[in-house]
Amino acid sequence: MLTVRVVKIGGNELDRPTWVADCARALKGVGPVVVVHGGGQAVSTWSRRLGLPVEKRDGLRVTTPEIAEVVEMVLGGPINRLLVTALRDAGLDAIGISGVDGGLLTARPLGAGELGDVGEVASVRGSLLQSLLLAGLTPVIAPVAPSVTTPIRPLNVNADQAASAIAAALDAQELLFVSDVPGVTIDGVTQPTLAAAEIESIIEAGVATGGMAAKLRAAGLALGAGVRAVRIGDLDMFEHATAGTHLLAAPPAVQPA
């Protein structure tokens with residue numbers, strides 16, 4: 001099995017061509033990599049153009065059936081192609097797919113339905129990604145997935161949670177959440193490390209909100225599923241192993257003698 005990194009690229013930065021090009025060039029030196037992308041800003045822009053509401057709760061988009069169609073169109077279309085083009089220009093043989101393609105992902109509806117057509121990943125067809133990687137391709141994944149209950153209707157899956165599930169399925173060497181912030185900031189200071197056990201307390205204290213809260217929870221899930229290393233930060237993480245905020249798994253429980 002290949003040693004793989006999973007990289008989740010934030011959606012807000014995808015409106016900046018220079019940042020996207022820099023990210024693509026940096027990814028060229030990472031080795032076998034699977035890219036998962038967001039695109040929330042573009043989805044919000046298109047929703048407003050179409051007269052649809054834009055509402056988020058705890059960093060997750062409230063997704064009506066109409067907005068679910070916008071999510072699938074925008075993430076699987078222009079946003080995915082934007083990244084594929086940038087990666088190919090940088091010399092990577094990128095291929096764009098969504099969670100629907102090849103049965104890559106399935107999702108179960110999240111919560112009691114108050115978020116609408118939002119799901120969490122139920123399964124990942126890791127063998128498909130391994131086959132693409134062995135063929136020298138770089139998968140670029142749009143996080144929509146068919147529902148396990150209503151397969152014809154794809155669910156909007158948070159990109160951070162999708163990246164976490166994909167990293168766990170691939171037994172990834174490292175999961176990187178990449179945006180334009182250097183890491184998790186507390187009282188104005190970027191934290192070099194953060195224990196998984198601290199995640200919920202800093203969210204409840206309002207230190208991490210919205211998208212950062214979603215990243216932290218996804219990081220905790222990845223560590224709990226056995227991903228060996230998780231970092232949150234900016235493009236410096238591709239060049240420096242100490243850059244970003246390292247999320248630390250809980251130490252193993254001490255067994256009584």
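A contact is a pair of residues with heavy atoms within 4.5 Å of each other. The legends below refer to a predicted model.

**Figure 1. Overall fold of the predicted protein.** Of the contacts in the protein with a separation of 6 or more, 71% join residues 24 or more positions apart. The protein contains seven helices and 16 strands. Its C-alpha trace spans about 55 × 40 × 40 Å along the principal axes. The radius of gyration is 17 Å, which agrees with the value near 18 Å that a compact globule of 257 residues would have. Buried residues account for 49% of the 257 residues. The accessible surface amounts to about 11,600 Å², and carbon and sulfur atoms contribute 54% of this area.

**Figure 2. Strand β7 and its pairing with β6 and β10.** Strand β7 covers residues 118-124 and pairs with strand β6, residues 105-109, in the antiparallel sense. Five bridges join β6 and β7. Within this pairing, R108 stands opposite E120 of β7. Strand β7 also pairs with strand β10, residues 154-157, here in the parallel sense and over two bridges. G119 has V157 of β10 as its bridge partner.

**Figure 3. Surroundings of V157 in strand β10.** Is V157 buried or exposed? With a relative accessible area of 1%, V157 falls under the 20% limit and is therefore buried. Leaving aside residues up to four places away in sequence, V157 touches A107, G119, V121, P143, A145 and A162. One of these contacts, G119, is also the bridge partner of V157. The C-alpha atoms of V157 and V118 are separated by 5.9 Å, although the two residues are 39 apart along the chain.

**Figure 4. Strand β16 between two pairing partners, β14 and β15.** Strand β14, residues 193-195, pairs with β16 in the parallel sense over three bridges. In this pairing A195 stands opposite L248. Strand β15, residues 230-233, pairs with β16 in the antiparallel sense, likewise over three bridges. R231 has H246 of β16 as its bridge partner.

**Figure 5. Side-chain alternation along strand β16.** In a regular strand, side chains alternate between the two faces of the sheet. Which residues of β16, spanning 245-248, point to the buried face? T245 and L247 point to one face and are buried, whereas H246 and L248 point to the other and are not buried. Both residues that are not buried take part in the pairings of Figure 4: L248 lies opposite A195, and H246 is the bridge partner of R231.

**Figure 6. Helix α2 and the elements that cover its buried residues.** Helix α2 comprises residues 40-49, and its buried residues are A42, V43, S44 and S47. An α-helix has 3.6 residues a turn, so residues three or four places apart point the same way. The cover over the buried residues of α2 includes strand β4, residues 60-61, and helix α3, residues 65-89. After α2 comes G51, which has a positive phi near 75°.

**Figure 7. The charged end of R49 over the ring of W46.** The charged end of R49 sits over the ring of W46, at 4.6 Å from the ring centre. How many aromatic pairs does the structure hold? The number of aromatic pairs in the structure is zero.

Methods
Residues are numbered from 1 along each chain as its sequence is written. This is a predicted model: local features need pLDDT of at least 70, side-chain atom pairs count only at pLDDT 80 or more; totals for chains, interfaces and linings use all residues. Side-chain values use heavy atoms; hydrogens and water are left out. Two strands pair if DSSP finds at least two bridges between them. Rings of Phe, Tyr and Trp (its six-membered ring) pair if their centres lie within 6.5 Å; planes under 30 degrees apart count as stacked, over 60 as edge-to-face and the rest as tilted. A charge sits over a ring if NZ of Lys or CZ of Arg is within 6 Å of the ring centre and within 35 degrees of the ring normal. The radius of gyration is taken over C-alpha atoms; the globule rule is 2.2 Å times the number of residues to the power 0.38. Buried means under 20% relative accessible area, exposed over 50%, partly exposed in between (1.4 Å probe, protein chains only). Accessible areas come from the Shrake-Rupley method with a 1.4 Å probe; for residues, only the protein chains shown count as cover.
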